[in-house]
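Let's take a relaxed walk through a structure, one piece at a time. Have the sequence and the 3D view ready, and follow along.

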Amino acid sequence: MNRSQAPLLHIESLFATVQEKPILKGVDLTVGAGQVHAIMGPNGSGKTTLAKVLAGHPDYQITEGSIRYNGHDTSTWSPEKCAWQGIFLGFQYPVAIPGVSNAQFLRASLNALRKRQGQQPLDAVDFLKITKEKMAMLGMAESLLTRSVNEGFSGGEKKRNEILQMLLLEPRLAILDETDSGLDIDALKIVAQGVNALRNASRSIILITHYQRLLDYIEPDYIHVLSEGKIVHSGDKLLAQTLEAKGYSWLSEAQHVDG
Amino acid sequence: MSMDEVWKYTKIAESNFQDYAWANEIPLAGEKIDWETLYQSMLPPNSTVFVFENGSLVGQSERCPAGITLTSGELPGDLQAYSPSPAWLKVCAEAALSQQGRKWHWIVSETRTEPLYVLHFYTGSRSKQAVFARHCVEIEKGVSATIVEIHGDLYDNNLRGLCYGQAEMRVAVGAQVQHHRLSLATSGMTAIADLNVNIHDKAAYDLRTISSGGKQHRHNVILSLIGDHAKASVKCLHWASHQDSLDTHLEVQHKANYGESDVMIRGVAERRGASSVTGKIVIPEGAAQNSAQLENKNLLLSREATINSRPQLEIYHDNIQRCTHGATVGYLDNEALFYLQSRGIPVAEAKKMLIDSFIEPVLSAFSPVLVDELRAQLLAIPVPIVTEQSPVSGVTESHA
Amino acid sequence: MLENKTPESSTIDQWVNTEYTAGFVTEIESDAIPAGLSEDHIRLISEKKGEPAFMLEWRLKAYRHWLTLKEPHWAEADYPPIDYQKIVYYSAPKVQKKLNSLDEVDPELLRTYEKLGISLKEQERLSNVAVDAVFDSVSVATTFKERLAKEGIIFCSFSEAVQNHPALVQQYLGSVVPYTDNFFACLNAAVFSDGSFCYIPKGVRCPMELSTYFRINAAMTGQFERTLIIADEGSTVSYLEGCTAPMRDENQLHAAVVELVALNDAKIRYATVQNWYPGDENGVGGIYNFVTKRGLCQGQRAKIAWTQVETGSAITWKYPSVVLQGDDSVGEFYSVALTNHHQQADTGTKMIHLGKRTRSTIVSKGISAGHGKNTYRGLVKMGKRADNARNHTQCDSLLLGSTCSANTFPVIEAKNATAMVEHEATTAKISEDQLFYCRQRGIEPEDAIHMMVNGFCKQVFKELPMEFAVEAQKLLEVSLEGAVG
């Protein structure tokens, strides 16, 4: 098979558990290069689990099915290997790391990736130059570089920091887990701007979100609804508006009628 | 911690009490007291109350409360084994109590909305009397109760005395206990109290204590969270005035999983008083996901007073939620004082406000009837302004 | 590349196990006295060193006092009893004559220090650090002597100081740590064989870092060195101390004494990177490090700062303290103590505030991994005359694994209402969430742990001289290796 024609991500009837509790119960999803997919769904439907499984979180076990990313089976990959291979997860709740400065963390991360890509590590001067440019674009204060990672950051600062990391690491597949939650409209626009800046023909993005709101600023190619561990409905960007108007319960009813 | 360390700030050598008489007479060569009038004057009307004088039950409110049984005789369990009190004192207590049959066993089997008041008085007009008391309280499964203990001695200030109380409490599965303890001692009294509490699954135990006065006023508290999801909360106040020495030794043992404890101890030392606090949190191997915090703040209000503080943590693995302690010692916050004064509040008034806010978190747990008078007394003390002085001649401290 | 998604070492317990790189033995002939302790042994030590009468007298007084003392067992440390009659109290590399320059030092010794990364020759040529190297019981070489002498600074072995500056030694020896102080300090006073001596004259700012490097080599030998630093009015000195020992199965005793005296406006910074052999992963062997370190801020506005990074020893008992006697004097204590395998560290400080407006800061960072046991023990005392004195203590523990332990035992004794004391303690661990976050950003678990551990210690490392901070950071990484995965 010619790899360039294969989808970047192909998930087939994926079952996954955390602490032996089944969460994903047969997810099928195909994301082509350059596409933006939105995954919506009620609380507890498995959205974050899907994101963590894709990023290789050790607490989540794949019990059935497969993930093929860029032609590789990722089920045995460590989280860092996922990162090195270009999978980026924007966290819903970015964790604080006291004592480690944001700059130190970002540089360690960027250089870890560069090393695997056979590039020279960036020195402090070049690193700061690139980082400050991207921070300016996201409207971030430079003081956030010297503070400990996410420690004492406001909700908006944490989310922007996630987007900053995405812009620096330039992933092939970015999964943004509820990056819009807790943001005011101005912050949301800036975050969307950051994501849109990264869109290109070879890069794919999965947006996990609760609300239509984000999709007004980042236009998805496809929208999927995840419910009880399965994708129950897929459609184009208009689906989001229907969901917004009718709620998720409409889906289960619709499913009934269909079935 | 060696026994010398445990008893660093309170010295109760056996030799100092050898000429004491082990007596639990009622009254101890004093006048008979009309208990009913006394407690009616102290407590809210229609309270459920039991009065003990020198360890013996001498009075009881008319209503015999439903869901409470009180018997005397041998007690179940042996929590006393863990008490850090010196062996000689425990031996004396055991000997005296066995002879006199003054070991009390309480069972609370029904939820109570009104507090249960237990008053302990030590009376006598002779010096060098020692009295003992022992109580075991069982709060049964799922029961909620509030127990208010009041300890006081009716001694003349020039009399020496020793009282040693031992108490243990079992808080059964899902039970909720509010335990308030007010202990006021006269200046010749050596008051030692042990309290050991076992807290079972999903049970919650709240302790609020106020201690004031006493030549040596020592409280040993050991709280064991032996069931999963057990909770303990402690708020204590020491007020050391005159030449009082108040000393609390508190241990919280997190022996099960998902335990939570929160300890706040506040000490005030004024005149020549000394307040000492040792607060220890222990999280042994195998006890997972516990969270514990301990705070000891102290006000040092005179040049002659002393504060000693020993907050301690002992942790034996990394499977913890959160574990912190903190301690401070100092005079009133000068910034706050200045702020209040700049709003036109006279300095004496401002000091009172600051002291009141310092003791309020503990006092607020008690019924106003009980503590209003105490609060007024505490706030009435003159607080000197302590400023830098020229070196005191003659007194030099050695560091060797 | 780490292919294993859930490495078995995902728990923090398994990560320990790098060789102790300083664990080699130097083959060198040594001149030792027989094992055991008696007045005769002490006379012999004093005689070998050609000491003046006051020294022998002082040693004998200490020895007689020591006989009345009992070995203390109050620290949170377990160890089998020490047989003091089996220890060799004096061991020196055999030297034929007095050395005039480094060229005359036994090349085997120089190689030893080179292997340890301390090239004495190199030091003399290139760096700006003056080193006094102590091998077993005696000082083998002191570099940069001439340059220091130009400033009037005396920096030499203790033995030389006794010979050349007896008045200074007699005036200050035991003035901060009297021989009656404690069991181990008393033993040291009786038998100490050498150490470093340093005097900075009035108003002199010492132009370079002074450093002593301690090495225990001979088997069954105790090391009892003594360091005395006197900073005269308005002078400034920064002092570094490093320690290593060969790997041996038996435990070796190190009972040193350090005395610092700071007069008016003098400043002493004393930094230690302690990497004595910690024993193997089963807790066999290693150094017992029972050390008494104390500084006296004798003058007004004097300042003494202790910084320590402790990664070695089987058992460490150490409480570098400051007596703040002069008004407005300042005491500081910055410490990182790491225990892995079966190491036990019981360390902390005492800040004794006697003078007015004295200030002290304590920052203690304890890291426990493996079966390590880490105890902070501290005393902050506000004396009656310590008006407006201030102390702030920050005491943090980092736990790595399910079998390590961390204890915090601070004591505050305040007798002055204008003084203020603040103590804070926290206990933390590295959470799986933090680890995953770093790994998701491509950082390998070991690197992530190093980053977080170094972050935890940052407050202390920034108090170390630059070269030492880098060394400390590396030492920490090596000592932790295997603890996390």
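## A covered helix in chain A

How many of the 15 residues of H5(A) are buried? Before the answer, one thing to keep in mind: what you're looking at is a predicted model. The count is eleven, so H5(A) is mostly covered. Here "buried" means that 20 or more other C-beta atoms lie within 10 Å of a residue's own. Among the buried residues are A:Ile163, A:Leu164, A:Met166, A:Leu167 and A:Leu168, but the list also includes A:Lys158, A:Lys159, A:Arg160 and A:Glu162.

And what do these buried residues pack against? Three helices of chain A take part, namely H3 (102-116), H4 (124-137) and H6 (185-198), along with strands E6 (87-90) and E9 (173-177). You can also check the length of H5(A), which runs over residues 155-169. At 1.5 Å a residue, its 15 residues should span 21 Å, and the end C-alpha atoms are 22 Å apart, which agrees. Just after the helix comes A:Glu170, with a positive phi near 45°.

## Residues with a positive phi

Most residues other than glycine have a negative phi. That makes a good backdrop for the next two residues. A:Gln19 isn't a glycine, yet its phi is positive, near 45°. Look for A:Gln19 in the loop between strands E1 (9-18) and E2 (21-31) of chain A. Is A:Gln19 buried or exposed? A:Gln19 is exposed, because it has 8 other C-beta atoms within 10 Å, and 12 or fewer counts as exposed.

Over in chain C, C:Arg301 has a positive phi too, about 55°, and is not a glycine either. C:Arg301 is found in a loop as well, between strands E13 (286-297) and E14 (303-310) of chain C. With 19 other C-beta atoms within 10 Å, C:Arg301 is partly exposed.

## Two strand residues

Next stop: A:Ser227, in strand E11 (residues 222-227) of chain A. A:Ser227 has 19 other C-beta atoms within 10 Å, so it is partly exposed. If you step 36 residues along the sequence, you can reach A:Val191, whose C-alpha is 27 Å from that of A:Ser227.

Now hop to chain B and find B:Leu70 in strand E4 (residues 68-72). B:Leu70 is partly exposed, with 17 other C-beta atoms within 10 Å. Which residues does B:Leu70 touch, leaving aside its neighbours within four places in sequence? They are two tryptophans, B:Trp104 and B:Trp106. B:Leu89, on the other hand, is 19 residues away along the chain, and its C-alpha is separated from that of B:Leu70 by 26 Å.

## Where chains B and C touch

Chains B and C are in contact through 40 residues of chain B and 40 residues of chain C. On the chain B side, the elements that give two or more residues are strand E19 (306-315) and strand E20 (320-330). Which of chain B's elements gives the most? That's E19(B), with ten residues.

## Chain C up close

Chain C has 485 residues, and 61% of them are buried. Its secondary structure comes to eleven helices and 23 strands. Take the contacts in chain C with a separation of 6 or more: 83% of them are between residues 24 or more positions apart.

Helix H2 (residues 53-67) of chain C gives you another length check: its 15 residues should span 21 Å at 1.5 Å a residue, and its end C-alpha atoms are 21 Å apart, which agrees. In H2(C), the residues C:Arg59, C:Ala62, C:Tyr63 and C:Trp66 are buried. They cover an arc of only 100° around the axis, so they sit on the same side of H2(C). Helices H1 (39-48) and H8 (183-191) of chain C are included in what covers them. On the face turned away from that buried side, you'll find the exposed residues C:Ala53 and C:Glu57.

## Two helices crossing

Finally, find helices H9 (residues 432-440) and H10 (residues 445-461) of chain C, whose axes come within 9 Å and cross at roughly 120°. That angle makes H9(C) oblique to H10(C). The crossing is right-handed. At the meeting place, H9(C) brings C:Gln434, C:Leu435, C:Cys438 and C:Arg439, while H10(C) brings C:Pro445, C:Ala448 and C:Met452.

Definitions and conventions
Residues numbered from 1 in each chain as written. Chains lettered and ligands numbered in written order. Predicted model: local features only at pLDDT ≥ 70, side-chain atom pairs only at ≥ 80, totals over all residues. Helix = DSSP H or I, 4+ residues; strand = E, 2+ residues; numbered from the N terminus. Expected span 1.5 Å × (residues − 1). Arc of directions from axis to C-beta. Contact = placed C-beta atoms within 7 Å. Axes fitted to C-alpha atoms, helices over the stretch in contact; angles between N-to-C directions. Parallel < 35°, antiparallel > 145°, perpendicular 65-115°, else oblique. Left-handed = near helix turned anticlockwise from the far one by under 90°.
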